[in-house]
Amino acid sequence: MSLDIDKVRSHFPSLASGYIFADNAGGSQVISDVISRISDYLINTNVQLGADYSVGQKSTRRVADGAVTAKELFNASSVDEVAMGASSTLLMDHLTRAMESDVNEGDEFIITGEHESNVGPWKKLAARKGAVIKYWNPKPTLPVNPYSVALAIPDLLPLISFRTRIVAFTACSNILGSIIPVEEVVKAIRERAAKEGTKKLEICVDCVAYAPHRKIDVQKWDVDYCYFSFYKVYGPHVSVLYARAASLHPLTSLVHHFLKVDTLPYKLQPGGPGYEIAYATTAVVPYLLSLSPSNANSLDASFEAIAIHEQQLLKVLLGFLTDPEQVERGVRVVGDEKVGMSRVPTVSFVVTGQRAMKSKDIVKVFDAKDGVGIRYGHFYAYTLIDTLSPKLDVNDGVVRISLVHYNTVDEVERIVDILKEALA
Ligand SMILES: Cc1ncc(COP(=O)(O)O)c(C=O)c1O
């Protein structure tokens, strides 16, 4: 079932300008219902939570509904497994501080060098507690392109030992665009850990670049921690962290000592979320469901329709970048070169060879034209970019064109036209 793209776009007021938003992995555009819920909250229910008067009761319910939305998007078993915070980066900092009393010297953390939110907090916790960091590194998948890197399960398994405490990885890379088969990876990790006699191993998955494109399912995946940011999923600037109930118990509470938190995720929320923002997230699920074919009405069906549309966008963009003429020119896709359901339309590339170009200079051509937003850099996946070989200037990084379901094939063709000019 294909998306009704005009209907889709009518939900996003900013798209009416005709500007081509192609930096969506940085942040997506916002649906109109999110905007109206923010003003509705501020006009009609802007009081402190927890009071017994009627407006107070309504505001409390509205903010609590934000966690219900996150629960649905995570497919968590309870709202008591969802914490909110200003950003994913901040939530990971909270989580790793709260875990301090449940990590021991000599414990091992396996991390990837992807977005720093799932890297730096673990490194800092390891440094505080004397834990050991091990890297699950991506490797090239095509002999002709050294930047065609991907993570592979056989490289991960030998890293697991009886001391492994954490495995932290990214469900979808914000650079490579490739999707990790989370369920399969988690199963393989847990089987190997069982053989090794690992005592307590927890898995933390960054879903920030995944959530706009595919359905998360923390229960099916069997992960302990998972997070994403609503501002990439057509919503406002707030982020959510899933923590499995059993994982929440041993965490140290970060809130005031007199607040009873026990198993509640408030222990990871030192201070409330922005009320109007938490409430505004409740518009996201109804919007996503509106994309589902009427006989299905499920988030799974909505994300399937999104993925099918996005493959058409990918076909045009990757078709151009991997055309023999562009490969001869020196264009190298960074990540998965193939169109397919195992990748999203977040596409990165560099221009190498005798007529190499800086990523910055390609983006400059776009900026000079105005009307299309793309970016260059490391996008906070600093370690990933820094460890690519042959080496790249990490600050110049890659050119990234990141599309979502509201982009059209016409828009991608316009992007390709500008790319042709930039590469000429
Ligand atoms: C893959 C990935 N993880 C984490 C983040 C961090 O999210 P936040 O800005 O909410 O901290 C980003 C932001 O770009 C991201 O792309």
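Mentor: Before we start on this predicted model, note that Lys and Arg count as positive and Asp and Glu as negative, while His and the chain ends are left out.

Trainee: With charges counted in that way, how far apart do the centres of the positive and negative sets lie in the protein chain?

Mentor: The protein chain carries 44 positive side chains and 49 negative ones. When a centre is taken for each of these two sets, the distance between the centres comes to 3 Å.

Trainee: What radius of gyration does the protein chain have, and how should I judge that value?

Mentor: The C-alpha atoms fill a box of roughly 65 × 55 × 40 Å along the principal axes. For 424 residues, a compact globule would be expected to have a radius of gyration near 22 Å, so the value for the protein chain agrees with that expectation, being 22 Å.

Trainee: What share of the contacts with a separation of 6 or more joins residues 24 or more positions apart?

Mentor: The protein chain has 16 helices and 15 strands, and buried residues make up 55% of its 424 residues. Among contacts with a sequence separation of 6 or more, those between residues 24 or more positions apart account for 68%.

Trainee: Turning to helix α4, which elements do its buried residues pack against?

Mentor: Helix α4 spans residues 88–98, and its buried residues are S88, L91, M92, H94, L95, T96 and A98. The partners of these buried residues include one helix segment, α5 (120–129), and the strands β2 (82–85), β8 (202–206), β9 (225–229) and β10 (239–243).

Trainee: Which residue of β6 stands opposite P140?

Mentor: Strand β5 (residues 139–142) pairs with strand β6 (residues 145–150) in the antiparallel sense, over three bridges. The two strands form a hairpin with two residues between them, and across this pairing the residue of β6 that stands opposite P140 is V149.

Trainee: Is V30 buried, partly exposed or exposed?

Mentor: V30 is placed in the loop between β1 (20–21) and α2 (32–44), where, beyond residues up to four places away in sequence, V30 touches H11, F12, P13, I35, Y234 and G235. V30 and S14, although 16 residues apart in sequence, have C-alpha atoms 7.8 Å apart in space. Because its relative accessibility is 25%, V30 counts as partly exposed.

Trainee: Which residue does a cis peptide bond join to S389?

Mentor: Most peptide bonds are trans. Here, however, a bond with omega of about 0 degrees follows S389, and its other partner sits in the loop between α15 (382–386) and β15 (398–402). The residue joined to S389 by this cis bond is P390.

Trainee: What relative accessible area does N297 have?

Mentor: N297 is found in the loop between α11 (284–290) and α12 (299–321), and has a positive phi of about 45 degrees although it is not a glycine. Most residues other than glycine have a negative phi. Exposed means over 50% relative accessible area, so N297 is exposed, with a value of 52%.

Trainee: And for Y380, what is the value of phi?

Mentor: Y380 lies in the loop between β14 (375–377) and α15, and Y380 is exposed, with a relative accessible area of 56%. Its phi is positive in a residue other than glycine, with a value near 70 degrees.

Note on methods:
Residues numbered from 1 in each chain as written. Predicted model: local features only at pLDDT ≥ 70, side-chain atom pairs only at ≥ 80, totals over all residues. Heavy atoms only, no water. Helix = DSSP H or I, 4+ residues; strand = E, 2+ residues; numbered from the N terminus. Buried < 20%, exposed > 50% of the residue type's maximum accessible area, 1.4 Å probe, protein only. Contact = heavy atoms within 4.5 Å. Rg over C-alpha atoms; globule rule 2.2 N^0.38 Å. Charge placed at Lys NZ, Arg CZ, Asp CG, Glu CD. Pairing = 2+ DSSP bridges.
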